[in-house]
Amino acid sequence: MGIKDLIDFLNNLEEGNIFYKLNKVRKEAIMVEIAVPGQRWEVEFMEDGSVEIEKFISDGEFYDVNEIETIIKDFSD
């Protein structure tokens with residue numbers, strides 16, 4: 001896959017009214033972050049032409065404000 005495939009993919013997302021944003025977290029890839037109800041996808045187009053996809057799927061649970069303390073406690077350096 002190349003740049004044309006990335007552009008085609010972005011065009012398809014736009015035509016489907018699917019929210020996305022571009023990001024770059026690795027030197028060798030461009031990431032497309034996609035948000036749909038209950039899911040977040042990270043689709044990375046690698047410089048070697050490969051594509052990696054990671055999905056984050058919600059369990060449907062909602063939490064109150066006390067959960068903010070959990071993220072600070074569990075993930076701070």
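Analyst: A nonpolar core here is a set of buried Ala, Val, Leu, Ile, Met, Phe, Trp, Tyr and Cys residues joined through side-chain atoms within 4.5 Å. Keep that in mind, and remember that this model is predicted.

User: How many residues make up the largest nonpolar core?

Analyst: Start with the leucines: Leu 6, Leu 10 and Leu 13 are in it. Then come Tyr 20, Val 32, Ile 34, Val 43 and Phe 45. In soluble globular proteins, nonpolar side chains tend to be buried together. Put the names together and the core has eight residues.

User: Which element gives the largest share of this core?

Analyst: The elements giving two or more residues to the core are α1, β2 and β3. One of them leads with three residues, and that is α1.

User: How does α1 sit on the strands, and at what angle does it run to β2?

Analyst: Helix α1 lies across β1, β2 and β3. Tyr 20, a member of the core, has Leu 10, Leu 13 and Glu 14 among its contacts, along with Val 32, Glu 33 and Ile 34. As for direction, α1 runs to β2 at about 15°.

User: Which are the edge strands of the sheet?

Analyst: Four strands make an open, antiparallel sheet in the order β1-β2-β3-β4. An edge strand pairs on one side only, and here those are β1 and β4.

User: By how much are neighbouring strands of this sheet turned against each other on average?

Analyst: Take the antiparallel order β1-β2-β3-β4. Ignoring direction, the average turn between neighbours is 20°.

User: Which residue in the turn between β3 and β4 has a positive phi?

Analyst: β3 (residues 39–46) and β4 (residues 51–57) pair over seven bridges in the antiparallel sense, with Phe 45 standing opposite Val 51. The two strands form a hairpin with four residues between them. In that turn, a phi of about 95° belongs to Gly 49.

User: Is Asn 17 buried or exposed?

Analyst: Asn 17 is in the loop between α1 (3–15) and β1 (19–23). Though not a glycine, Asn 17 has a positive phi of about 55°. Exposed means over 50% relative accessible area. Because Asn 17 has 72%, the word for it is exposed.

How values were computed: Residues are numbered from 1 along each chain as its sequence is written. This is a predicted model: local features need pLDDT of at least 70, side-chain atom pairs count only at pLDDT 80 or more; totals for chains, interfaces and linings use all residues. Side-chain values use heavy atoms; hydrogens and water are left out. Buried means under 20% relative accessible area, exposed over 50%, partly exposed in between (1.4 Å probe, protein chains only). Two strands pair if DSSP finds at least two bridges between them. Axes are lines fitted to C-alpha atoms, for helices over the stretch in contact, and angles run from 0 to 180 degrees between N-to-C directions. Contact means heavy atoms within 4.5 Å. Lists of a residue's contacts leave out its neighbours within four places in sequence.
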